[in-house]
Amino acid sequence: MWYHKPVIKEELLQSLPNLKIVASSGVGIDHLDLNLLSRYGVKVSNTPFVVSTDTADLGMALMLASSRRLVEGYQIAVSPDTEYFPADWLGAEVSGATLGIVGMGTIGYKVAERAKAFEMKILYHNRNQRNKEEESAVGAIYCKKIDDLLQQSDFVLLSVKLTPQTHKLIGKRELELMKPTATLINISRGLVVDQDALVEALQNKVIKAAALDVTYPEPLPRDHPLLKLKNVIITPHIGSATKKTRRLMMENMVESIHAGLRGLPIPNEVL
């Protein structure tokens, strides 16, 4: 499966009685009905580890681009109407700011490693607290309650799997807890954020900005209000989109398929 295609429905499974494995690219499996696949005896694999470095890099890129207003700056620099550069055109500092990471899995932790180099104060919220050695390595402080993280962070970065528990995890209430100077960065799944609430928060300056690699749907309708806001950066779900990583993803999928067809243990099997 690539870009969630083909869609796995019961009709397809009924037409493929010899199907043994579905190898899905990327980390997320929210597009798969695991119970349905299990009933048909079909195993599932994904490619969770090879995407983490590039996705963490993109998270930092979105944070820097949004805080320093790179897209707006580019537009000013190349506009045929520009006669001078405004002296009062200012961005926000990243170095020394507070970063709140929601979801401290492999990707979230790699973001923390990068943020440490920017001398950021790092807070994180996760289902389970990391061990003390991992926390001290990046200087991360655990927030048992997400509310504490939201209230303190200059940048809130979402790096969680889409599950029933994380569906619209960030809504109107959570956005109102954030600082009016804060930026929301989403590198997980679009449905982790209540998009209507986000539009309202950005329009009413409840938060300062958003930088999104994911939305729902993808792409957004061309008349969607998020596309018209200057304080939003949107990229086309390119967290893992480098030549090396996409090749490694495909190699991982082929390894899983070979193992599944031979009845061997499947690398990166989703249980």
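In the predicted model, the lining of the second largest pocket draws at least two residues from each of three elements, namely helix H3, helix H4 (70–78) and strand S9 (232–234). Of these contributions, that of H4 is the largest share, at four residues. The space within the second largest pocket amounts to about 450 Å³, and among the 22 residues that line it, Ser 66, Arg 69, Glu 72, Lys 230 and Asn 231 are the closest to its centre. When the lining of this pocket is divided by class, ten residues are nonpolar, six are polar and six are charged.

Helix H3, which spans residues 52–67, also packs against helix H5, which spans residues 106–117, and the two axes lie 8 Å apart at an angle of about 50°. Because an angle counts as oblique when it falls outside the ranges for roughly parallel (under 35 degrees), roughly perpendicular (65 to 115) and roughly antiparallel (over 145), H3 and H5 are oblique to each other. The crossing of these two helices is right-handed. On the side of H3, the contact is made by Ser 52, Thr 53, Thr 55, Ala 56, Asp 57 and Met 60, and on the side of H5 by Thr 106, Ile 107, Lys 110, Val 111, Arg 114 and Ala 115. By class, the contact between H3 and H5 comprises five nonpolar, four polar and three charged residues.

Turning to enclosed space, one cavity of 30 Å³ or more was counted in the model, and the volume of the largest cavity is about 30 Å³. The residues that line the largest cavity are Asn 186, Gly 190, Val 193, Gln 195, Leu 198, Leu 212 and Val 214. In contrast to the lining of the second largest pocket, which includes six charged residues, the lining of the largest cavity has no charged residues, being made up of four nonpolar and three polar ones.

Backbone geometry was examined next. Most peptide bonds are trans, and most residues other than glycine have a negative phi. Against this background, a cis peptide bond is found between Tyr 216 and Pro 217, with omega at about -5°, and a cis bond also leads from Glu 218 to Pro 219, where omega is near -5°. Pro 217 is placed in the loop between strand S8 (209–212) and S9, and Pro 219 likewise lies in the loop between S8 and S9. A further departure concerns His 237, a residue other than glycine whose phi is positive, with a value near 50°. His 237 is located in the loop between S9 and helix H10 (243–262). Strand S9 thus borders the loop that holds Pro 217 as well as the loop that holds His 237, and S9 also supplies at least two residues to the lining of the second largest pocket.

Key
Residues numbered from 1 in each chain as written. Predicted model: local features only at pLDDT ≥ 70, side-chain atom pairs only at ≥ 80, totals over all residues. Heavy atoms only, no water. 1 Å grid on protein atoms, 1.4 Å probe; cavity = no way out; pocket = protein on both sides within 12 Å on 5 of 7 lines; lining within 4 Å. Points joined across faces, edges and corners; volume = space filled by probe spheres on them. Nonpolar A, V, L, I, M, F, W, Y, C, P; charged D, E, K, R; others polar. Axes fitted to C-alpha atoms, helices over the stretch in contact; angles between N-to-C directions. Left-handed = near helix turned anticlockwise from the far one by under 90°. Contact = heavy atoms within 4.5 Å.
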